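Me: Could you take a close look at one part of this structure for me? I'd like to hear about the salt bridges and what sits around them.

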Amino acid sequence: MGDALYGVWAARSGPGLRMSGGLLSGTLRFCAGASGLDRALVVAATDDGTQLVDVDLGDPRVRPVIASWG
């Protein structure tokens with residue numbers, strides 16, 4: 001990971017994120033500043049509660065809603 005710039009978003013609003021079978025899905029709201037970051041720590045619901053997940057914001061599977069990311 002080296003010199004990555006992180007953001008942390010743990011607030012819960014709306015359906016949020018879900019981690020199942022090693023895959024993260026859903027929509028996370030209020031991720032201000034994400035466009036200037038490399039990685040994010042986010043909270044996702046699992047069958048056993050919640051889990052902190054490290055997300056590579058450069059991964060093509062991460063799809064921002066451009067108008068909502070500052």
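What follows is a walk through the salt bridges, then the core and the pocket.

Reply: Sure, and keep in mind that this is a predicted model. The count of salt bridges comes to four.

Let's start with Arg 18 and Asp 47, whose closest N and O atoms are 2.3 Å apart. This pair links distant parts of the chain, with Arg 18 in strand 2 and Asp 47 in the loop between strand 4 and strand 5, 29 residues apart. Arg 18 is partly exposed, at 31% relative accessibility. Asp 47, on the other hand, is exposed at 67%, because the cut-off for that label is over 50%.

Next up is Asp 54 with Arg 39, where the closest N and O atoms are 2.9 Å apart. Asp 54 belongs to strand 5 and Arg 39 to strand 4, so this salt bridge ties together parts 15 residues apart in sequence. Asp 54 is partly exposed, with a relative accessible area of 31%. Arg 39 has 16% relative accessibility, and it counts as buried because that label covers anything under 20%. There's a bit more here: Arg 39, Asp 54 and Asp 56 are linked in a network of salt bridges.

Then there's Arg 61 with Asp 59, a salt bridge at 2.7 Å, N to O. Arg 61 is exposed at 64% relative accessibility, while Asp 59 is buried at 18%.

Now for the surroundings. Strand 5 also holds Thr 50, which is exposed at 56% relative accessible area. Leaving out residues up to four places away in sequence, Thr 50 touches Arg 12, Val 43, Ala 44 and Ala 45.

On the nonpolar side, the largest core has 13 residues, and Trp 9, Leu 28, Val 42, Val 53 and Leu 57 touch the most other members. Strand 2, strand 4 and strand 5 each give two or more residues to this core, and the largest share, three residues, comes from strand 4. Beyond its neighbours up to four places away in sequence, Leu 28 touches Trp 9, Ala 11, Leu 17 and Val 42.

Last, the largest pocket. About 790 Å³ of space lies in it, and strand 2, strand 3, strand 4 and strand 5 each give two or more residues to its lining. The lining has 28 residues, and Arg 61 is one of those nearest the centre, along with Leu 24, Gly 26, Val 62 and Arg 63. By class, the lining has 17 nonpolar, five polar and six charged residues.

Note on methods:
Residues numbered from 1 in each chain as written. Predicted model: local features only at pLDDT ≥ 70, side-chain atom pairs only at ≥ 80, totals over all residues. Heavy atoms only, no water. 1 Å grid on protein atoms, 1.4 Å probe; cavity = no way out; pocket = protein on both sides within 12 Å on 5 of 7 lines; lining within 4 Å. Points joined across faces, edges and corners; volume = space filled by probe spheres on them. Helix = DSSP H or I, 4+ residues; strand = E, 2+ residues; numbered from the N terminus. Nonpolar A, V, L, I, M, F, W, Y, C, P; charged D, E, K, R; others polar. Buried < 20%, exposed > 50% of the residue type's maximum accessible area, 1.4 Å probe, protein only. Contact = heavy atoms within 4.5 Å. Core = buried A, V, L, I, M, F, W, Y, C linked by side-chain atoms within 4.5 Å. Salt bridge = Lys/Arg side-chain N within 4 Å of Asp/Glu carboxyl O.
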